[in-house]
Amino acid sequence: MTAERHPVTGLDEVVHQRVRLGILTIVHEARRAEFGYLRTQLDLTAGNLSKHLSVLEAAGLIQLEKGYAGKRGRTWITLTPAGDVALAEEVGRLKALIARIETNPEAR
């Protein structure tokens, strides 16, 4: 074993939580996602999704844009540059964790 830190120690609690990781990955893929789409894709209540969006917004990882589509109010979500970086770093840590498992024959 080396003295370097285990990849799991670097996981970001804000990003790594299942719903928030889902939000970040969907928005990353779409570049901009509507609140209702995220709610449906992640099978959440509006209140639950709102709470997770608030955490991500407070951390500076997403930006919310409110507007209208026709007469209906809409909220669109985009990643900030910090959100892009945080997601990429989290994916990198997860890849490092997977690589440790796959390359350690004693782990099977």
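Helices (H or I, at least four residues) and strands (E, at least two) are DSSP runs, numbered from the N terminus. The model is predicted, so local features need pLDDT of at least 70 and side-chain atom pairs count only at pLDDT 80 or more, while totals for chains, interfaces and linings use all residues. Residues are numbered from 1 along each chain as its sequence is written, and side-chain values use heavy atoms, with hydrogens and water left out.

**Exercise 1. Place Asn-48 and find its side-chain partner.**

Step 1: Start with the helix. Asn-48 sits in α4, which covers residues 46–58.

Step 2: Check the surface. Asn-48 has 33% relative accessibility, so it counts as partly exposed (buried means under 20% relative accessible area, exposed over 50%, partly exposed in between, with a 1.4 Å probe and protein chains only).

Step 3: Look for the partner. The side chains of Asn-48 and His-52 make a polar contact of 3.0 Å (a pair of N or O atoms within 3.5 Å; within protein, one must be able to donate a hydrogen and the other to accept it, and residues adjacent in sequence count only if both atoms are side-chain atoms).

Step 4: Now go back along the chain. Val-19 is 29 residues away from Asn-48, and their C-alpha atoms are 9.5 Å apart.

**Exercise 2. Work out what surrounds Thr-80.**

Step 1: Find the loop. Thr-80 lies between β3 (72–79) and α5 (81–103).

Step 2: Is Thr-80 buried or exposed? Its relative accessible area is 14%, so Thr-80 is buried.

Step 3: List the contacts (heavy atoms within 4.5 Å). Skipping neighbours within four places in sequence, Thr-80 touches Gly-60, Leu-61, Ile-62 and Gln-63. Its side chain also reaches the backbone oxygen of Gly-60 at 2.5 Å.

**Exercise 3. Trace the pairing of β2 and β3.**

Step 1: Get the direction. β2 (residues 62–69) runs antiparallel to β3, with 8 bridges (two strands pair if DSSP finds at least two bridges between them).

Step 2: Pick out one bridge. Gly-67 is matched with Arg-74 in β3.

Step 3: Look at the turn. The hairpin has 2 residues between the strands, and Gly-70 takes a positive phi near 70° there.

**Exercise 4. Which phi values do Arg-31 and Asp-43 have?**

Step 1: Recall the background. Most residues other than glycine have a negative phi.

Step 2: Take Arg-31, in the loop between α2 (18–30) and β1 (33–34). Arg-31 isn't a glycine, yet its phi is positive, about 75°.

Step 3: Take Asp-43, in the loop between α3 (35–42) and α4. Asp-43 isn't a glycine either, and its phi is positive at about 55°. With 71% relative accessibility, Asp-43 counts as exposed.
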